[in-house]
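Student: I'd like a close look at one part of this model, the place where the chains meet. Please follow it outward from there.

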Amino acid sequence: MLLKYLFAKNEDIPAGSSTIFFGYSAIFWFVVGTGLGSFNAAKLAFPDFATGVELFAFGHMRQVHVLAVILGWISMAFAMTMMYMTPALGNTKLWSEKLGLWTAFNWNAGLSLGLILLWCGFTSGREYSDLIWPIDLVVIFGVLVPLGMNVWMTIAQRRTQGIYITNWFFGACIFFLIIVFLVGQSAELFNLTGLTEGYLTFWFAHNVLGLWITPVAAGIAYYTIPKLTGNPLYSHRIGHLHFWSIIAFYSTPASHHLLSAPLPEWLKSFASVEGVLILIPAVAFVANILLTMKGRWSMFVENVEIKFSVTGVLLAIPLNMQGGFQQTRAINWYVHGTGWIVAHAHLALLGMSSFLEIAAVYFGLQQVLRRKLYSLVLANFHFWFVIIGFCIYWISMTIAGLIQGAGKIYEVPYIDVVIAEHPYMIARWIGGTMVFTGNMVWLYNMYMTAREGTIVPKGRYAHEMAYER
Amino acid sequence: MLGLSMTITLMLPSFDFRSAESTWVGLDKSLSNGLRIGWSYEDPFVVGASKPLTVILNANPKTGEPYDPPVRAYVYQPGTPFASGVEHPDNLGPTVKKLSLERGKIDQLDRSQGAVFTIEFADVNGQEWAYVVNETATKGWTPQEVLSAAGDANTRYVGRGKTVYITEGCWWCHTLLPEHTQDWQVFGTPPYLGDFNGEMPTAFGSDRKAPDILHVASRNSSREWMMMHFFNPRLVQPNSIMPRFDYLWGKVDANGNPIDFAKWRADYTAYRKGERAYPPEVPEYARNTEIRALIDWVLTSLK
C-alpha cells in the first residue's frame, strides 16, 4: 500500500505515487457520492423508504452527497490530474511526492471526519459551506495550501520555456480557491451575520464553481484532447482569452443566485450582466477544443477517454447556454429554486465537469501504472450507464422544474405540484442509480487494471494499444 | 483583475449592508435565536444549548401590572451569549443602534448575570423605528424572575427550535424567502432588507421542494396539526413527500410512558392498507423535547 511511503524519504518514493493515491481516492468518493445521491433520490420518490431513523433522514444526508461529490470526487480528481499533468507539461518531476501523498492522506482523513460530523448534524447551516469551521481550516491549510505548493513549485521548476495553458489554470485556480475559502468561511470565523452572511455563502458557492470546478475541468481538457489525438491545440490565443475572461467575468456574478433576496439592486443587475458574459469563455473553450479534434473524430467512437472528454465538452454547450441566460431576471423568476436549477447543477458537475475528469483519471492511471485498461467493454459500459443515467436525470429534473415554475406563477396549491412531480422523482432515482452502478463497475475495472492490466512497454501509450491483444 | 472583482463584489456591497436598519422582524429573529445557530463553542453538539428563551408576558413580572396585548420578552440566562446586535450595536443599523443605546441601555450588560430584552418603538423624524430595550437595566427584571412569572406554558424554545430546523435539514426542502415576483398571494410578503440583521445563519434555502414557510403560522397556527404533520406528514396530507420526524419525540411521551414506535408503525401500515378504520394516535410530546422546540419556533417565529 501507498501509506508506507508517508514516512519514506522523498527520493525513495516512486514517481506517480500521489497520482495513484489521489486517483483511487477520487473514484472511491465518486462511488460513495453517487451512491448517496441515489439513496437521497429514493427518499424523495418514496418518502417512507428507510424512515424514522435520524441518520437516514433526508435532511441529514443531502448535504453529505453534495460535499462528497464536490470535495471528494471532483476536487480529488483535479488533484490527481495536477499530480501527473503539471510535471509532464513542465518536462520535470513533481516537486515533492511525499507532500503529495500527505495531501491525499489529509484530504481523505479530513473529509471523512467532516462528512461524518455533518451527517450527525454538526453543521454551520450554510449551503455548500456546511462543514464546521475547524474542518474548513483543515481543508485550507492541510489540503489546499500543500496542494498549491506542490503545483506552484513544480511549475517553477519546469524545464520548458513557456507555461502551457493547463498549468495556468491549475496554478491560478488553486490560488483562487484558497482565497475563496478564506473569504467565504470568514462569516463563520468572525460571526458575520445577516445578509452579509447570506451573500458570502453564495459568493463562496458561486466561486467554487466558477473559479475551481469549471475552469480546472477545462484546463484538463486542454491537456487530454491534444495528448490523446496527437493534434496540437487549435489556438493558444483563444486559450488565453478563455483564461482571462473567466477571471474577469466569472468571479463577479455571485449575487445572481440571490435575485429574490433583498440585496442591493445595482449588485444584482451587475451580476446578471457579468453572468451573460460568461458566454465568452464558454464559446472560446468549446470552439477551441472541438477544432482541435479536427481529423480525429473517429476517436470519438473508438477511444474511451476521448469519448468521455468530448461528451463533456459537448455538454458544456447547453450548460453555458442555460447558465448565461437563466440567471437574467427575465428568466430567473420562473425557474428560481425549482428542479430546473438542480438539473443545471448536475449538468455542470456530473455532466461537463465529471466527464472531463473521468477521462483524465482513466488516462492518468494507465499512464502512471504503465498498465493497459483491464477491460474496454467495462469502460464502455461505464460510459453508457453514466451518460444515459445522467440524461434521464437531467431531462426529468428539467421537466419537474418547469412544472414547479408553472405551479409557482399560477399559484397552484403546493401539494398538487408535489403530486405532479412524482413520476419525475422516480425517473430521477432511476437515472441516479444508473450513474452509481456505472461507477461501481469503474472502480472494479480500475482495481483490476492495477492488478492485471497488460503492462505497457516503455515509449508507448496505453491508448495506442487499445485494439492490440 | 481578481482584486477589482473583489472590490466590486465584496467591498462595495458591504457598505450597503452596513447601513441596513434593522426592522422589528430582524430584531425579533436575532434576539430569539441568540448569537448564532449551528456549531459554536457554546453549543458544540449543536443541540440548541445556550440559547435564549422567548416568553410571552401577560403582566409585568415585577409590578403585576397586566399587559394587553401581551409583551414578548427574550430571556438570556447567565452565561448565554448575547445576540449579535447587542454584542455589536453596529449590526443594528445607525438609527436603531442610537435608540437602543440611548433609550434601551444595551451597553449596560453583564453576560455572567444574564439579561432580559424587549422590543419597543419610537418615532424619529416622523418614522417609526423598532429598537432593543435591556429590561434588566431599565426595569430591573432578572432572567429568573421573568421565567417564573411566565411559567412553562408561556415559554417558547425558539432558539433551540431554529437549531432543529438547521440540523434536521428542513431547509433542503423548504425556503424562508417568498419571491418578489409571484409568491405574495400564497406564501406572503417577501422579507425586507432589515429583516436579516444579526441573523446567523440566514439559511433561506435555494432548492424548493416544498412550500415556503416564512409565514406558515399565519396560514395555519394549529399545534395539533403541526404535531400530527411532524410525526407523520401522511396523516394529514396523504400525498406529502415530507419525511417523518417522529424521532424528534425522544423516548417517552408527556406522561413519561415509553413510546412504542414499532407498534405505531405497524398500526399505521395496517391503516394504510385499510385494515383499520383510524390511524393510531400521535403521542403527546414531553416538555423538554426537540419537537416541542421545533413547533415553538414554527408557531412563534414564522408569522
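Student: How much area do chain B and chain A bury between them, and what share of it is on carbon and sulfur atoms?

Tutor: About 5900 Å² is buried between chain B and chain A, and 67% of that is on carbon and sulfur atoms. Buried area here is the accessible area, with a 1.4 Å probe, that two parts lose on being put together, summed over both. Bear in mind that this is a predicted model, where local features need pLDDT of at least 70 and side-chain atom pairs pLDDT 80 or more, while totals for chains, interfaces and linings use all residues. Residues count from 1 along each chain as written, chains are lettered from A and ligands numbered from 1 in the order written, and side-chain values use heavy atoms, without hydrogens or water.

Counted by residue, 67 residues of chain B touch 69 residues of chain A, contact meaning heavy atoms within 4.5 Å. On the chain B side, B:Phe17, B:Trp39 and B:Trp172 give up the most area to chain A, together 13% of what that side buries.

Now for chain B itself. Its domain assignment (bounds from an automatic or database source) gives domain 1 as 16-167 and domain 2 as 171-301. The centres of these two domains, taken over C-alpha atoms, are 25 Å apart. Between them, 30 residues of domain 1 meet 27 residues of domain 2 in chain B. That internal interface buries about 2600 Å², with carbon and sulfur atoms giving 54%.

Chain B also has cis peptide bonds to point out. One runs from B:Asp68 to B:Pro69, with omega near 0°, and B:Pro69 sits in strand 2 (residues 66-76) of chain B. Another joins B:Met200 and B:Pro201, with omega about -10°; B:Pro201 is in the loop between helix 8 (184-187) and helix 9 (216-219) of chain B. Helices and strands are DSSP runs numbered from the N terminus: H or I of at least four residues, or E of at least two.

Over in chain A, helix packing is the thing to look at. Axes are lines fitted to C-alpha atoms, for helices over the stretch in contact, and angles run from 0 to 180 degrees between N-to-C directions. In chain A, helix 6 (residues 194-229) and helix 9 (residues 279-292) have axes that come within 10 Å and cross at roughly 10°. That makes helix 6 of chain A roughly parallel to helix 9 of chain A (under 35 degrees is roughly parallel, over 145 roughly antiparallel, 65 to 115 roughly perpendicular, the rest oblique). The helix 6 side of this contact includes A:Ala218 and A:Tyr222, and the helix 9 side includes A:Phe285 and A:Ile289.

Helix 6 of chain A also packs against helix 7 (residues 236-250) of chain A, at about 175° with the axes 11 Å apart, so helix 6 and helix 7 of chain A are roughly antiparallel. A:Ala218 and A:Tyr222 turn up here too, among the helix 6 residues that meet A:Gly239, A:His242, A:Ile246 and A:Tyr250 in helix 7 of chain A.

Further along chain A, helix 11 (residues 304-326) and helix 13 (residues 339-369) have axes within 8 Å, crossing at roughly 155°. Helix 11 and helix 13 of chain A are therefore roughly antiparallel as well.

One backbone oddity to finish: A:Asn91 has a positive phi of about 55° despite not being a glycine, and A:Asn91 lies in the loop between helix 2 (58-90) and helix 3 (97-119) of chain A.
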